[in-house]
Amino acid sequence: MAPVNQSVVTMFILQNFVDDPWIQDVLFCLFFALFMMAIAGNGLIIMTIYSSANLHTPMYFFLVNLSLMDVICTVTVLPKVLQSLVAENAISYGGCLTQMFVFSWVLGSELLLFSAMAYDRYLAICRPLHYGTLMNGRACVALATFVWFTGALNSLVLTCLVLPLSFCGPNLITHFFCEIPSVLMLSCSSTFINDIMTVITDMFLTGLNFLLTMTSYVFIIASILRIRSAEGKKRAFSTCSAHLVVVTLYYSTVLYTYVRPALGTAGLLDKAVAVLYTTVTPSLNPLIYTLRNKEFKTSFKKLLFPH
């Protein structure tokens, strides 16, 4: 199949991880387990926070938003991956654009949300006397709205820029899902504007947000070190360490994928990195954020065993 331009493109083919049927079966089981972990884990976080009045605080409000983004990311990417491992690995042109839009929306929103979460921790630890005033309910909703809207606007622009492109074949996407860099590789028309806009959004969403997040944590760590009691330091570090681990993992993988010097062929390493931020991170976030959180674990036990 070699479509002349986008008007006649009806299907794209997603590249398999491997051709060995036995390894495909192993990968199917692995991805299915990660899929269930992500849905169940993030779903339990949302249910626990929603049903526990003591968890109705800004930190847990942002955690609910993160869980929602992780669920959306998982259901956008993994079902098609699972299907391609056991059946056909084709995706329609419209389906590819939809997957590209939703994934880019969630990706951009999550990067912005990390900055909002870092700002929340900065106010809680560095300006505790003003925390209740600065991070009230209205401020939380405003930040969350900005995060979701800006992520959607960024994704809409990048996705719309793909529409005028011509695809003259081949139609094999050298990736396991429709991501902007891998789809642009198939275009036989100029992608100069797409490349420029991708770099600009990377600088804003990835670079700027990473800088803001790290700056917040410089102030946070400096403030924690001034705490005299060992228990106070331990409590402050425990509330921030989980977020810092997730941010580091997420930004490092996203930067690798989107800020490469050139758009080369998506090799095994590229796919492994993509698996980290599309599959592994959404599955591990519930564990990372709640494993050492006594307040959440207590509320979770009450949800499971109300009496």
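## A quick tour of the model

Leu291 sits in the loop between α9 and α10, the helix spanning 294-304. Before going further, keep in mind that this is a predicted model. Below you'll find a nonpolar core built around many helices' residues, with Phe31 and Phe114 having the most contacts inside it. There's also 1 disulfide and 1 salt bridge to look at.

**Leu291 and its surface patch**

- Is Leu291 buried or exposed? Leu291 is exposed, because its relative accessible area is 57%, and the bar for exposed is over 50%.
- Leu291 teams up with Met37, Leu284 and Leu287 in a nonpolar patch on the surface.
- Together, those four residues offer about 350 Å² of accessible area.

**The nonpolar cores**

- The largest nonpolar core counts 52 residues, and Phe31 and Phe114 have the most contacts inside it.
- Six helices each chip in at least two residues: α1 (21-51), α2 (58-86), α3 (93-126), α5 (137-160), α8 (230-258) and α9 (268-290).
- Which helix gives the most to this core? That's α2, with 12 residues.
- If you skip its neighbours within four places in sequence, Phe114 is in contact with Leu66, Thr213, His243, Val246, Val247, Tyr250, Tyr251 and Tyr289.
- Apart from the largest core there's another one, made of 17 residues, including Val162, Phe167, Ile173 and Leu184.

**Cysteines and the disulfide**

- A quick reminder: a disulfide is a covalent bond between the sulfur atoms of two cysteines.
- Here the partners are Cys96 and Cys178, with their sulfur atoms 2.1 Å apart.
- The link between Cys96 and Cys178 is left-handed, with -120° about the S-S bond.
- The pair ties together distant parts of the chain, 82 residues apart: Cys96 is in helix α3, while Cys178 is in the loop between β3 (172-173) and α6 (180-184).
- Both Cys96 and Cys178 are buried.
- What about Cys140? Its relative accessibility is 6%, so Cys140 counts as buried, the cut-off being under 20%.
- Cys29, on the other hand, is exposed, because its relative accessible area is 52%.

**The salt bridge**

- Arg121 pairs with Asp120 in a salt bridge, and their closest N and O atoms are 3.0 Å apart.
- Where do these two charged partners end up, buried or exposed? Arg121 and Asp120 are both buried.

**Two partly exposed residues: Ser92 and Leu163**

- Ser92 belongs to strand β2, which runs over residues 90-92.
- At 32% relative accessibility, Ser92 counts as partly exposed, because that value falls between the 20% and 50% cut-offs.
- Leaving out residues up to four places away in sequence, Ser92 touches Thr10 and Met11.
- How far apart are Ser92 and Ala33 in space? Going from C-alpha to C-alpha, they are 26 Å apart, with their positions 59 residues apart in sequence.
- Leu163 is in the loop between α5 and β3.
- Leu163 has 36% relative accessibility, so this leucine counts as partly exposed.
- Leu163 and Leu97 are 66 residues apart in sequence, yet their C-alpha atoms are 8.7 Å apart in space.

Conventions: Residues are numbered from 1 along each chain as its sequence is written. This is a predicted model: local features need pLDDT of at least 70, side-chain atom pairs count only at pLDDT 80 or more; totals for chains, interfaces and linings use all residues. Side-chain values use heavy atoms; hydrogens and water are left out. A nonpolar core is a set of buried Ala, Val, Leu, Ile, Met, Phe, Trp, Tyr and Cys residues joined through side-chain atoms within 4.5 Å. Buried means under 20% relative accessible area, exposed over 50%, partly exposed in between (1.4 Å probe, protein chains only). Helices (H or I, at least four residues) and strands (E, at least two) are DSSP runs, numbered from the N terminus. Contact means heavy atoms within 4.5 Å. Patches are made of residues with over 30% relative accessible area and no salt bridge: like charges are joined within 9 Å, nonpolar side chains (Val, Leu, Ile, Met, Phe, Trp, Tyr) within 5 Å. Accessible areas come from the Shrake-Rupley method with a 1.4 Å probe; for residues, only the protein chains shown count as cover. A salt bridge is a side-chain nitrogen of Lys or Arg within 4 Å of a carboxyl oxygen of Asp or Glu. A disulfide is a pair of cysteine sulfur atoms within 2.5 Å.
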